[in-house]
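I am opening a notebook on this structure. Short entries follow, one topic at a time.

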Protein chains: 2
Amino acid sequence: MTQGLLMVNTGNGKGKTTAALGMAMRAAGHGLRVCIIQFIKGSWHYGELDGIQAFNGLIDIHVMGKGFTWKSEDLTEDTRLAQEAWKFAAKTIDSGNYHTVILDEFTYLFHYNMLNMDDCLDRLKKRPPEQHVVITGRYAPQELIDSADLVTEMREIKHPLKTGIKAQKGIEF
Amino acid sequence: MTQGLLMVNTGNGKGKTTAALGMAMRAAGHGLRVCIIQFIKGSWHYGELDGIQAFNGLIDIHVMGKGFTWKSEDLTEDTRLAQEAWKFAAKTIDSGNYHTVILDEFTYLFHYNMLNMDDCLDRLKKRPPEQHVVITGRYAPQELIDSADLVTEMREIKHPLKTGIKAQKGIEF
């Protein structure tokens, strides 16, 4: 009997999304289906997307909200797009079509108060009992951590961009 | 101009190896070659290995030391195997044949004093200047952190095994 886990990768360090990607690869390697829902445009790049193609349709990816970057001046429109994106995500989760659903950079929707957290956590609690969900992003709120089964903080100890080395293909993107 | 980075994923949390795997996938997605050298048997499982097959030879993987698990009673033999494994890794790094070389669970060789750290860090410093190296494992020693360009600590905040949920296919392995 499997039990669906709610997993959170948070913190200011690298590896939150990358570890989720590794999990997608691991599940797909088992022949299991994965859906990645990307809430912020640009956090995943061509390298990853090409990588995903290698799995012959086991990994689906969706970029939500027209790839809104939270830099818009129009908060009302951003909030509407965020809620629409969450609706799509919740439907995907409830479909039970995937072994794992990854909500990439999802925490920002809470951080910017674009979603009602209680409603959202309640909906996640009522998902199909075998459904694994992975949420990534900085600033995971305490209520989400309390609801989750597994929480990892990626903590930055040292970062090369701070020592003047530029972002590089295959590493940063 | 690219500059080879020495990257370390350490800490007691999940995601150290999985993030390295995501990086391998990202690089291979760019058509770049990656070599994964696994220093401890069992930290990578069938899911990942099947996943790697999807990249048509861009990702090589080697299990070193006959997959020694550090549980041997024979420390002399373990140390010999560890040093042999490091020699192979150093040769692979110096070959310049790969965009990224991942030394998975490598920190344990320092933790168990199986390698001379100064010699090892010195050899890493003298590697081809464009060669990226990723080292994973708990207990990264301070000298390694000092030598590295990018260090991330995966810190466990909450883990389901502690709340009595068993390891599951596609998640833990």
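**Entry 1: how the copies meet**

I began with the surface shared by the two chains, keeping in mind that this is a predicted model. I looked up the interface residues of chain B and found that 100% of them are also interface residues in chain A, so the copies meet through the same surface. I noted the size of the contact next: chain B gives 49 residues and chain A gives 49 residues. On the side of chain B that touches chain A, I listed the elements giving two or more residues: helix H1 (16-29), helix H2 (46-53) and strand E6 (150-158) of chain B. H1(B) supplies the largest share of that side, 10 residues. I also sorted the residues of that side by character: 20 are nonpolar, 19 polar and 10 charged.

**Entry 2: the symmetry**

What rotation superposes chain B on chain A? I found 180°, with 0.0 Å of shift along the axis and an RMSD of 0.0 Å. The two copies are thus related as by a two-fold rotation axis.

**Entry 3: one chain by itself**

I then turned to chain A. Its secondary structure comes to 6 helices and 6 strands. Along the sequence I read the pattern β-α-β-α-β-α-β-α-α-β-α-β. Chain A has 173 residues, and buried residues make up 46% of them. I checked how far apart in sequence its contacts reach. Among those with a separation of 6 or more, 81% join residues 24 or more positions apart.

**Entry 4: the sheet**

I followed the strands across both chains. There are 12 of them in an open sheet, with mixed pairing. I wrote down the order: E3(A)-E2(A)-E4(A)-E5(A)-E1(A)-E6(A)-E6(B)-E1(B)-E5(B)-E4(B)-E2(B)-E3(B). Which strands stand at the edges? They are strand E3 (59-63) of chain A and strand E3 (59-63) of chain B; each has a single partner strand, so one side of each is left without a neighbour in the sheet. From one strand to the next, the twist averages 15°.

I looked at the join between the chains. Strand E6 (residues 150-158) of chain A and E6(B) run antiparallel and are joined by 7 bridges. I picked out one pair there: Val151(A) has Lys158(B) in E6(B) as its bridge partner.

Then I went to the chain A end of the sheet. Strand E2 (residues 34-38) of chain A pairs with E3(A) in the parallel sense, over 5 bridges. Cys35(A) has Asp60(A) in E3(A) as its bridge partner.

**Entry 5: strand E2 of chain B**

Is strand E2 (residues 34-38) of chain B buried or exposed? I found 5 of its 5 residues buried, so the strand is largely enclosed by the rest of the structure. Both faces of E2(B) are covered. Val34(B), Ile36(B) and Gln38(B) lie on one side, Cys35(B) and Ile37(B) on the other, and all are buried.

I checked the partners of this strand. E2(B) pairs with E3(B) in the parallel sense over 5 bridges, and Gln38(B) stands opposite Val63(B) in E3(B). E2(B) also runs parallel to strand E4 (residues 100-104) of chain B, with 5 bridges joining them. There, Val34(B) stands opposite Thr100(B) in E4(B).

**Entry 6: the nonpolar core**

I looked for the residues that touch the most other members of the largest nonpolar core. That core has 90 residues, and the ones I was after are Ala24(A), Val34(A), Ala24(B) and Val34(B). I took Val34(A) and listed its contacts, leaving aside neighbours within four places in sequence. They are Ala24(A), Ala27(A), Ala28(A), Leu58(A), Ile59(A), Tyr98(A), His99(A), Thr100(A) and Ile102(A).

**Entry 7: two single residues**

I chose Met154(B), in strand E6 of chain B. Met154(B) is buried, with 27 other C-beta atoms within 10 Å. Not counting residues up to four places away in sequence, I found that Met154(B) touches residues of both chains, including Gly15(A), Thr152(A) and Met154(A), and Asn9(B), Gly11(B) and Gly15(B). Gly15(B) is 139 residues away along the chain, yet its C-alpha atom and that of Met154(B) are separated by 6.6 Å.

My last residue was Gly31(B), in the loop between H1 and E2 of chain B. Gly31(B) is exposed, with 12 other C-beta atoms within 10 Å. I also looked up its distance to Leu58(B): 7.1 Å from C-alpha to C-alpha, with their positions 27 residues apart in sequence.

Methods: Residues numbered from 1 in each chain as written. Chains lettered and ligands numbered in written order. Predicted model: local features only at pLDDT ≥ 70, side-chain atom pairs only at ≥ 80, totals over all residues. Core = buried A, V, L, I, M, F, W, Y, C linked by C-beta atoms within 7 Å. Buried ≥ 20, exposed ≤ 12 C-beta atoms within 10 Å, placed from the backbone. Contact = placed C-beta atoms within 7 Å. Pairing = 2+ DSSP bridges. Helix = DSSP H or I, 4+ residues; strand = E, 2+ residues; numbered from the N terminus. Axes fitted to C-alpha atoms, helices over the stretch in contact; angles between N-to-C directions. Least-squares fit on C-alpha atoms with pLDDT ≥ 70 in both. Nonpolar A, V, L, I, M, F, W, Y, C, P; charged D, E, K, R; others polar.
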